[in-house]
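Me: Please walk me through this model bit by bit. Start with whatever term I'll need along the way.

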Amino acid sequence: MNKNQQQPWHILGAGAIGCLWAHAMQQWQLDVTILTRNKQQHQQLQTQGIQLTDGKVTYTSRPASLYPGLGGAKISNLLVCTKAYATLSAVESWRKLLHPQANILLLQNGMGTAQALQTRLPKANIYCATTTDGAWRQGPWRVVRAGMGDTQIGTFSAHLSSHTAPAQIAHLLTLSAAHTNLLRLHWHADILTPIWHKLAINSVINALTAVYQINNGELIKHSQARPRLEQLCKETEDVMSRCHITPIPHGLLQQALRVLNQTADNQSSMLQDCLADRPTEIDAINGFIIQQGSLLHLPCAAHKQICDDLHQQYPRPS
Ligand code: KPL
């Protein structure tokens, strides 16, 4: 694909991962625009640019940006990196510019959003991605790359083939293969499997660590949390099996223990959100498991209990 045939990309949700992608796309010389929340965010980005620290080097990139109401060209390729709970309203604020058949690539934790988005935008071509990239936000438009991971991308929309990537995404795969130091992107013909596997891990670790306010490693031997971890694993695996999802190799508990050991000194993302008084992703993680379970008449008592405990411990105004 030559540069004249390339359609621009827009990025919604410029947290750590959104900024990482914006930087990569600029390096790949793509036309990329960040959709900011408001004029102030847009001006701040235009003044300072994105600063990405990778090891000892800090790179500055200066993508274009827009804020709602400013107008602009139609959005044909949209990367969405917002938190799951913020996605529908964020997309809604760009609805006027969004091409009805836009390619929308969702890169976020949890499940349920792609379906909700497809219901609202039935003609949109929705793709989902899951990543092991590590990045954290040091401040507004300042991101630190914590670790190089892999990103699996695949088709969500039922009206699309799951075997081949559309031209715009295939182009990203080619660019990533040529510059592996930026993003490592891979096409996955059955994306729901890795997304379910990540959700399963998040569903048994994140809320528990937030309720007991412990680092990941402490969960392994915690006298109260450990039995709950095992019960959550059992319930998540029951739901997965009834949904015909390929089981996690060696079982969810073994995989969760492996992740807990590897990230022993870290705080889970949900504990960080709770301590910073931010909304959590619990509805798109444990809430999704409970919802799938209820469709199958599985009670998911441990998931319901951990949701109740979390909401009680960190009440948020509704
Ligand atoms: O992905 C994670 C998170 O913090 O969101 C971990 C804790 C590694 C697994 O649930």
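Reply: Let's begin with polar contacts: these are pairs of N or O atoms within 3.5 Å; within protein, one must be able to donate a hydrogen and the other to accept it, and residues adjacent in sequence count only if both atoms are side-chain atoms. This is a predicted model, where local features need pLDDT of at least 70 and side-chain atom pairs count only at pLDDT 80 or more, while totals for chains, interfaces and linings use all residues. Residues are numbered from 1 along each chain as its sequence is written, and side-chain values use heavy atoms, leaving out hydrogens and water.

Me: Which residue's backbone nitrogen does the side chain of Q41 reach?

Reply: Q41 lies in helix α2 (residues 39-48); helices are DSSP runs of H or I with at least four residues, numbered from the N terminus. Its side chain comes to 2.6 Å from a backbone nitrogen, and that nitrogen belongs to R37.

Me: Which residues does Q41 touch, not counting those up to four places away in sequence?

Reply: Touching here is contact, meaning heavy atoms within 4.5 Å. With residues up to four places away set aside, Q41 touches T36 and W141.

Me: Which helix gives the largest share of the shell around the ligand?

Reply: A residue joins the shell if one of its heavy atoms lies within 4 Å of the ligand. That picks out I201, N202, I205, N206, N216, V259, S268 and S269. Four of the shell residues come from one helix, residues 192-212, and this largest share belongs to α6.

Me: How far is a polar side-chain atom of S269 from an oxygen atom of the ligand?

Reply: Two other side chains also get to a ligand oxygen: N202 at 2.9 Å and N206 at 2.6 Å. For a polar side-chain atom of S269, the distance is 2.5 Å.

Me: How far apart in space are Q41 and I195?

Reply: Along the sequence, Q41 and I195 are 154 residues apart. In space, going C-alpha to C-alpha, the distance is 31 Å.

Key: Helix = DSSP H or I, 4+ residues; strand = E, 2+ residues; numbered from the N terminus.
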